[in-house]
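Visitor: I have a model to go through at the bench. Please walk me through it, one question at a time.

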Amino acid sequence: MVHVLGVQLPDYQYARFALTAFYGIGHKTAHRLCARLQIHDKCKVRSLTPHQITELAAFLSSPSTSIPIPRFPLATPSYKPPPASTPLAVLKEETKKLSQRAWADPLRNIKIESEARRVVKDNIAHQRMIGSYVGKRHAMGLPVRGQNTQNNARTAKKLNRVDRRG
Amino acid sequence: MLALSVRQRVACQLFASTSSSPLVQTRSYATQPKKGQIVKQASQGFKGKKDTFSGQMEPAKKDKKMMAFQPLPVSQLSHPLFESDRPDTLNLQSFHPEMLTRVVESQALKFPHNDNDPFRIFGLPRNILVEFRLLSKPCSVIRSVTIDAINKLDAASEKNSKESRVVFTGPRGCGKSFLLLQALQYCNARDWLVLYIPRATNLVNSTTAHTYDMRTRTYLQPIFAYQTLQRFLKVNAPRLEQLRTQTEIEIERCPPVPPGTPLVELMNIGFKDQCHAPTVLDAVLAEIGKQTTFPVLLAVDDFQALYCKSHYRDQHFSAIKSYHLSMPRLLLEYASGKKSFARGAVFGALSMSNTTFPLPLELREALSLEYDRSYGPYVKRQRELVNYAHGLERLAVPGSLSVPEAASVFEVWMKDRAVPSKPNDELFLAKYSEASGNAGAFVWKGLLSSMSA
């Protein structure tokens with residue numbers, strides 16, 4: 001079992017699916033996260049290296065302050081790589097020179113766990129504060145989006161409140 | 001007493017564990033609970049599970065209990081109907097390279113079984129693996145196209161592999177993968193160095209680790225390279241032990257390998273650390289490309305997958321092209337002639353049944369394959385893929401078996417007791433006509449799916 005930011009990721013699950021255990025991460029975000037961390041689709045959580053887990057935890061703890069990754073240069077069909085004895089510093093320098101600036105990364109704007117729940121709470125609190133219909137319905141514990149209340153409405157009656165759990 | 005038919009064998013295999021013997025009688029549901037193990041049984045009636053959030057009760061799921069039927073444990077299955085060892089009724093000659101002439105056309109020959117069997121070590125395409133599990137012995141029928149392929153291999157053994165880059169084409173189920181296996185066995189028996197990739201889709205479908213490398217500017221696949229190196233050494237060990245490096249080889253964070261080092265020692269560097277495996281594999285193939293002692297066969301099934309878009313994504317979520325992945329790039333370089341073996345050939349087999357990686361336009365045009373749709377000049381062709389597909393030679397596998405070839409196939413399955421009804425000429429001709437002679441349809445949809453009494 002791997003624990004990342006308080007969430008348990010079972011070993012036997014694919015990493016791409018296990019990441020959806022975080023509140024605020026769905027399948028699309030999980031796919032993008034795996035691509036960012038160079039985790040292939042069929043990688044299980046038990047196959048993740050400690051470096052990948054550390055990177056994942058570091059990224060998820062603060063997505064907005066993560067370092068933007070440049071677009072690395074890719075070999076053309078006629079590219080001949082330099083010999084293997086080339087020093088790493090030289091390779092890093094060349095890669096940096098040829099890397100292109102990264103475009104806007106949608107992953108930097110994601111909010112997970114407590115931040116995501118706070119956003120939902122704040123939105124409902126705002127609706128209540130301005131005295132809107134939506135806010136009143138949340139306060140009464142009734143459906144908000146125009147559903148029938150003569151019958152059904154069980155979920156709204158169970159879950160809707162001003163300090164609704166996200 | 002009749003032994004189990006093929007369909008019953010298939011049903012048993014669904015419950016069998018994965019082992020090397022053809023029929024293993026293991027059924028987990030037959031085992032009794034161990035001593036001291038408490039088996040909890042769900043109580044009858046409505047009993048709810050408390051929902052902590054709302055306080056409402058939910059009905060519990062009822063456990064299934066097998067009251068009337070308790071299967072026998074495996075040790076009590078002593079009836080001859082369950083016997084797994086059957087007498088050998090398939091008396092076939094062995095697949096020997098000297099025998100392969102026009103005389104043995106339409107005859108079924110069994111593949112030899114030895115310690116360094118390339119099938120067992122490299123693996124097989126999925127449909128052929130299932131077929132070989134059903135048959136009592138892996139075998140195949142020698143067709144006229146087999147002799148053509150073998151003649152090409154004999155000619156290629158003296159030439160550079162740049163001049164012998166052949167792709168087997170044909171409709172679905174015509175026998176391209178089988179033909180590639182026959183070529184592989186022939187080369188292995190003739191003392192060639194063989195490298196076989198049974199499922200090239202596994203290189204591009206994001207099932208193996210990938211990592212960006214600054215030096216090669218590609219995404220390395222270290223685990224796949226490591227496994228390929230291991231399998232290559234295991235199959236070709238006696239030949240590789242005779243070869244030595246001809247130039248100095250540099251490997252990252254390792255001292256350079258001097259010329260004259262045995263190739264096996266070079267490969268051991270790749271085994272010690274997986275991250276060196278891609279560089280070592282590249283170097284090994286370059287070295288065996290220079291030597292002229294043994295010809296080399298590079299055989300790739302699902303060849304079209306190398307020319308398709310991969311399922312990998314880079315850090316910015318753009319799709320990674322296949323030639324930016326280390327293993328497909330290596331195979332594409334040998335297939336296009338950018339790298340070559342001094343003696344040998346590159347053989348590929350298309351897979352027309354794979355819808356995830358269909359035949360791309362660039363490869364279709366390079367092989368001059370007909371298509372019912374016409375692609376005009378305004379459809380974009382990727383320049384790099386056109387480059388990689390340039391110079392490939394096509395070997396068309398006939399879409400239908402000839403009657404003698406189909407008769408041999410029928411005889412093999414008949415002797416293996418796969419045909420449920422009485423095997424006679426009428427059944428044979430009926431199934432042959434229904435399949436229009438297509439080998440895959442004849443076996444799977446004709447013989448094995450037959451419900452006639």
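Visitor: How many helices and strands are there in chain B?
Guide: This is a predicted model. Chain B holds both kinds of element, with 12 strands. Its helix count is 15.

Visitor: What share of the residues of chain B counts as buried?
Guide: Chain B has 453 residues. To count as buried, a residue needs a relative accessible area under 20%. In chain B the share is 49%.

Visitor: Among contacts in chain B between residues at least 6 apart in sequence, what percentage joins residues at least 24 apart?
Guide: The pool here is contacts between residues at least 6 apart in sequence. Those that join residues at least 24 apart make up 74%.

Visitor: How much area does chain B expose?
Guide: Carbon and sulfur atoms supply 53% of the exposed area of chain B. The total is about 23100 Å².

Visitor: Is helix α8 of chain B mostly covered or mostly open, and what does the covering?
Guide: Helix α8(B) spans residues 263–272, and seven of its 10 residues are buried, so by the cut-off of under 20% it is mostly covered. The buried ones are Leu263(B), Val264(B), Leu266(B), Met267(B), Ile269(B), Gly270(B) and Phe271(B). The cover includes two helices of chain B, α7 (222–240) and α9 (277–290).

Visitor: How much area do chain A and chain B bury between them?
Guide: The interface brings 34 residues of chain A into contact with 32 residues of chain B. On the side of chain A, Gln38(A), Pro77(A) and Ala84(A) lose the most area, together 22% of what that side buries. Of the whole buried area, 59% is on carbon and sulfur atoms. The total is about 3100 Å².

Visitor: Which residues form the salt bridge between chain A and chain B?
Guide: The count between these chains is one. The closest N and O atoms are 3.4 Å apart, within the 4 Å limit for a salt bridge. The partners are Arg217(B) and Glu94(A).

Visitor: Which helix gives the most to the side of chain A that touches chain B?
Guide: Across the interface there are 15 residue pairs in polar contact. On the side of chain A, helices α2 (27–36), α4 (88–98) and α7 (154–159) each supply at least two residues. The one that gives the most, with six residues, is α4(A).

Visitor: By class, how many nonpolar residues has the side of chain A that touches chain B?
Guide: That side of chain A has six polar and nine charged residues. The nonpolar count is 19.

Visitor: What is the phi of Leu5(A), and is the residue buried, partly exposed or exposed?
Guide: Leu5(A) sits in the loop between β1 (2–4) and β2 (7–9) of chain A. Its phi is near 50 degrees, a positive value in a residue other than glycine. Relative accessibility is 42%, so Leu5(A) counts as partly exposed.

Visitor: And where is Ser436(B), and what is its phi?
Guide: Ser436(B) is in the loop between α14 (425–434) and α15 (439–447) of chain B. At 55% relative accessibility, Ser436(B) is exposed. Its phi, also positive in a residue other than glycine, is near 55 degrees.

Visitor: How far apart in sequence are the parts tied together by Glu98(B) and Arg190(B)?
Guide: The two side chains meet in a salt bridge at 3.1 Å, N to O. Glu98(B) lies in the loop between β3 (93–94) and β4 (108–110), and Arg190(B) in the loop between α5 (176–189) and β7 (193–197), so the bridged parts are apart by 92 residues.

Visitor: In the salt bridge of Glu158(B) with Arg343(B), which partner is buried?
Guide: The closest N and O atoms of this pair are 3.7 Å apart. Glu158(B) is exposed at 59% relative accessibility. The other partner has a relative accessible area of 17%, so the buried one is Arg343(B).

Visitor: Which residues are joined into one network by salt bridges that share partners?
Guide: Start with Glu333(B) and Arg329(B), which bridge at 3.6 Å, N to O. Both lie in helix α10 of chain B, four residues apart, about one turn of the helix. Glu333(B) is buried at 10%, and Arg329(B) is buried at 7%. The network joins Asp282(B), Arg329(B), Glu333(B) and Lys339(B).

Terms used:
Residues are numbered from 1 along each chain as its sequence is written. Chains are lettered from A and ligands numbered from 1 in the order in which they are written. This is a predicted model: local features need pLDDT of at least 70, side-chain atom pairs count only at pLDDT 80 or more; totals for chains, interfaces and linings use all residues. Side-chain values use heavy atoms; hydrogens and water are left out. Buried means under 20% relative accessible area, exposed over 50%, partly exposed in between (1.4 Å probe, protein chains only). Contact means heavy atoms within 4.5 Å. Accessible areas come from the Shrake-Rupley method with a 1.4 Å probe; for residues, only the protein chains shown count as cover. Buried area is the accessible area (1.4 Å probe) that two parts lose on being put together, summed over both. A polar contact is a pair of N or O atoms within 3.5 Å; within protein, one must be able to donate a hydrogen and the other to accept it, and residues adjacent in sequence count only if both atoms are side-chain atoms. Ala, Val, Leu, Ile, Met, Phe, Trp, Tyr, Cys and Pro count as nonpolar, Asp, Glu, Lys and Arg as charged, and the others, Gly among them, as polar.
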